[in-house]
Structure formats: C-alpha cells, structure tokens
Amino acid sequence: MNKSFRTAAILVLFTVAVLAAGCGSDKFSGKWINADAGSGNPVIELNITKNGTGYIITETESHYAKSTVFANEKEVERIKRENDDLYMKHLFQAKPQMQEVPVSLYDYTFTWTNQGDKKMTGIAKDNRLTIDNSLGMAQITYVEKDDTLLLDNRTFRKEKDKDIENIKSKEQQKLRKELETMKVMPGTKVNKVTFVDAPTAKK
C-alpha cells in the first residue's frame, strides 16, 4: 500500500465519520406527535427539518369538529302546524284526532379539521431548539432518556406510520359511544353519525 493510497483511504474514512457524527447529532429533525393525542385532545404534529445552520418547524393541529342537522325538521314542523290548525278549527268542539308527531331525528357529522400549518424557524444549541413564533421566543427541549421533545409542558414523540389513522379510529369509537349514552331531549333521537375529512385546500 503506497502513501497516496493510505492518505486517500484515511480521507474517505474521516469523511464518513464526520457525516455519521453529523447525522447522529441531529436530535430534532423528523416528524413528531404529541404523546397525549386523542381521548379528546387535539393532534399536534411538529415537522422539523434542517435548514442550513438552523431549522424550519411546521406545526399542525387537528381534531374532529361536530356539526348537527335536524334531519326531519320539515316533517315535524308540518305535522305540528297542521295539528295546531286543526285544534283551532275545533276550539269549541270535541277534541279532534291529532296526528302523531314523529321523533325528531338528528344527524351528526364529525369533520377531521386542521387549523392550518404554522411555520417557525429555530436555532439549536445542545439539547435546546429556540424557536421564534408569533407569540415570541419559545424552546423545544430534547429529552435524551426517552428520545422525546418537550414544548410548552407537552411531550412529543416520534410519529409512526398510521399513528393518525389509529388515533382517528379511536376518536370515532369514543364519539359514537358518547352519542349513544348522551341524554337527549325527550322526543329526539340520534339518526345518523358520519365521519369525514375536511377537503384539502386548493393551492
């Protein structure tokens, strides 16, 4: 092995070592999700990417938003109105035969909605990533013992495949159960429950 070959080999090994060390020291890059997501808590995702000497942090908050529709309102109101008219026509006569007012049916739609992406920039030093957001300066702290991030007293863990799908599925089960056990007004009933995703905004 000649001298020039040894020198080239040493340079290659040094370069690989530097790149490996650089990758290993990047504690913040990746997709993170709040550890308490679901069970009524919103889903907060942090997408952190390296940008030169700093970072770009994109925060997205998602949850199910509920809307309610009186499904058979027209029919119920029509029968009530006809009964009222019939009663007035026979005000001083024998009580007429009234139509039975149907149970009021309500449709519930839960839409998976996000509040839009909030983009921030940050600079890392040791285990702290200082970010500049609309509320001023804040810090994301990397916790080495369990490979998590801490932001505003909320813990974030690395996001896994199908995390969002699993959380949405559990939330749907929880919301359905709440509607089943909900004390509704007499004469009312849950008719239909639907879960949808909000349409993606056009770019």
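How many bridges join E3 to strand E4 (residues 104-114), and in which sense do the two strands run? In this predicted model, E3 and E4 are joined by nine bridges and run antiparallel. Within this pairing, Tyr64 has Trp112 of E4 as its bridge partner.

Strand E3 also pairs with other strands. With strand E5 (residues 118-125), E3 shares five bridges, again in an antiparallel arrangement. Here Ile57 stands opposite Met120 of E5. With E2, the pairing is antiparallel over nine bridges. E2 and E3 form a hairpin in which two residues lie between the strands. Gly52, in the turn of this hairpin, has a positive phi of about 65°. Asn51 has Gly54 in E3 as its bridge partner.

These strands belong to a chain with three helices and ten strands. Read from the N terminus, the order of the elements is α-β-β-β-α-β-β-β-β-β-β-α-β. The chain has 203 residues, of which 26% count as buried. Of the contacts between residues at least 6 apart in sequence, 62% join residues at least 24 apart.

In soluble globular proteins, nonpolar side chains tend to be buried together. In the present model, the largest nonpolar core contains 16 residues, and Ile48 and Ile140 are those with the most contacts inside it. At least two residues of this core come from each of strands E2 (43-51), E3 (54-70), E6 (128-133), E7 (136-143) and E8 (148-151). Leaving aside residues up to four places away in sequence, Ile48 touches Phe28, Ser29, Gly30, Trp32, Tyr55, Ile56, Ile57, Leu129, Ile140 and Leu149. Ile57, one of these contacts of Ile48, is also the residue opposite Met120 in the pairing with E5. A second core, separate from the largest one, has 13 residues, including Ile33, Ile164, Ile167 and Leu179.

Nonpolar residues are also found on the surface. The accessible surface of the chain comes to about 14500 Å², and carbon and sulfur atoms account for 53% of this area. Tyr87, Met88, Leu91 and Phe92 form a nonpolar patch on the surface, and together these residues have about 500 Å² of accessible area. Met88 of this patch lies in helix H2 (residues 73-89). Met88 counts as exposed because its relative accessibility is 55%, and the cut-off for exposed residues is over 50%.

Technical notes: Residues are numbered from 1 along each chain as its sequence is written. This is a predicted model: local features need pLDDT of at least 70, side-chain atom pairs count only at pLDDT 80 or more; totals for chains, interfaces and linings use all residues. Side-chain values use heavy atoms; hydrogens and water are left out. Patches are made of residues with over 30% relative accessible area and no salt bridge: like charges are joined within 9 Å, nonpolar side chains (Val, Leu, Ile, Met, Phe, Trp, Tyr) within 5 Å. Accessible areas come from the Shrake-Rupley method with a 1.4 Å probe; for residues, only the protein chains shown count as cover. A salt bridge is a side-chain nitrogen of Lys or Arg within 4 Å of a carboxyl oxygen of Asp or Glu. Helices (H or I, at least four residues) and strands (E, at least two) are DSSP runs, numbered from the N terminus. Buried means under 20% relative accessible area, exposed over 50%, partly exposed in between (1.4 Å probe, protein chains only). A nonpolar core is a set of buried Ala, Val, Leu, Ile, Met, Phe, Trp, Tyr and Cys residues joined through side-chain atoms within 4.5 Å. Contact means heavy atoms within 4.5 Å. Two strands pair if DSSP finds at least two bridges between them.
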